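Work through the exercises below with the sequence and the structure beside you. Try each task before you read its solution.

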Amino acid sequence: MSGGGHDSADDTIALPALGCLELRVHPQRGRGVFTRKAISSGTLVNISPVLVFGRTEYADHGRHTQLDHYTYCWKDSGYALALGLGSMFNHEGFGHENVGFTRDMSRSLIRYTALRDIGAGEELCICYGPNVWFDAVSDVQAGGSDGHSGAQEQSADEFMRGFGLE
């Protein structure tokens, strides 16, 4: 099966290779993921394997390091560090993000999917949630588009359910 699906009983995971993603420096947000070509809504953009930290290990060590800025909440009150591009997606506020993510706890990975059509040259951003720990710079403030052309609307309750741990 192509596109990052489950290939066979041996747990092989096909990884998408769009070939159009690159790291660039955004003038206000720092390093981020950008696309050189248009990406259609619903496209699987990336799959990132994760390293999982238990709650105690993370409380004793990880939260005192730079890892604290790059981890996702995980099952059993643990945390996960997305490897590869998964830790490079910058934040855009709720309703303005152009990429969504789904945690696959059983396979220790995160899938990133385009929430709307994304234009060539655009930065790919996810929403970190309502309680960010930094002064967020939206693409609107940074002088870009509003990032919302045709994005599917979600209520705040639906958004927060997305942070639930399956």
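**Exercise 1. Find how much area the protein chain exposes, and which share of its residues counts as buried.**

Step 1. The protein chain exposes about 9,200 Å², and carbon and sulfur atoms supply 51% of it; accessible areas come from the Shrake-Rupley method with a 1.4 Å probe, and for residues only the protein chains shown count as cover. This is a predicted model, in which local features need pLDDT of at least 70 and side-chain atom pairs count only at pLDDT 80 or more, while totals for chains, interfaces and linings use all residues. Residues are numbered from 1 along each chain as its sequence is written, and side-chain values use heavy atoms, with hydrogens and water left out.

Step 2. Of the 166 residues of the protein chain, 36% count as buried, where buried means under 20% relative accessible area, exposed over 50%, and partly exposed in between (1.4 Å probe, protein chains only).

**Exercise 2. List the elements of the protein chain and describe the open sheet of 4 strands.**

Step 1. There are 2 helices and 9 strands in the protein chain; helices (H or I, at least four residues) and strands (E, at least two) are DSSP runs, numbered from the N terminus. Read from the N terminus on, the elements follow the order β-β-β-α-β-β-β-β-β-β-α.

Step 2. An open sheet is formed by 4 strands in the order β1-β2-β9-β6, with mixed pairing; two strands pair if DSSP finds at least two bridges between them. The edge strands of this sheet are β1 and β6, each of which pairs on one side only.

Step 3. Between β6 and β9 the pairing is parallel, over 2 bridges, and His91 stands opposite Ile126 in β9.

**Exercise 3. Trace the salt bridges, and say for each partner whether it is buried or partly exposed.**

Step 1. Begin with the general idea that side chains of opposite charge can pair when their charged atoms come close. A salt bridge is here a side-chain nitrogen of Lys or Arg within 4 Å of a carboxyl oxygen of Asp or Glu, and the whole structure holds 6 salt bridges.

Step 2. One of them joins the side chains of Arg36 and Glu22, at 3.2 Å from N to O. This pair links distant parts of the chain, 14 residues apart, since Arg36 is in the loop between β2 (30-35) and β3 (44-53) and Glu22 is in strand β1 (residues 21-26). Arg36 counts as partly exposed because its relative accessibility is 43%, and Glu22 counts as partly exposed because its value is 24%.

Step 3. Another salt bridge joins Glu123 and Arg29, at 3.0 Å from N to O. Glu123 is in strand β9 (residues 123-126) and Arg29 in the loop between β1 and β2, so that distant parts of the chain, 94 residues apart, are linked. Both Glu123 and Arg29 are buried.

Step 4. Arg116 forms a salt bridge with Glu122, with the closest N and O atoms 2.4 Å apart, and both of these residues are buried. Elsewhere, salt bridges that share partners join Glu22, Arg24 and Arg36 into one network.

**Exercise 4. Classify the aromatic pairs by distance and angle.**

Step 1. Rings of Phe, Tyr and Trp (its six-membered ring) pair if their centres lie within 6.5 Å, and planes under 30 degrees apart count as stacked, over 60 as edge-to-face and the rest as tilted. By this rule there are 2 aromatic pairs.

Step 2. The ring centres of Phe89 and Tyr112 are 4.7 Å apart and the planes lie at 35 degrees, so this pair is tilted. Phe89 lies in the loop between β5 (79-82) and β6 (90-91) and Tyr112 in strand β8 (residues 109-114), so the pair ties together parts that are 23 residues apart in sequence.

Step 3. For Phe101 and Tyr112 the centres are 6.3 Å apart and the planes at 45 degrees, so this pair is tilted. Phe101 is buried, with a relative accessible area of 18%, and Tyr112 is buried, with 0%. Ring pairs thus link Phe89, Phe101 and Tyr112 into a cluster.
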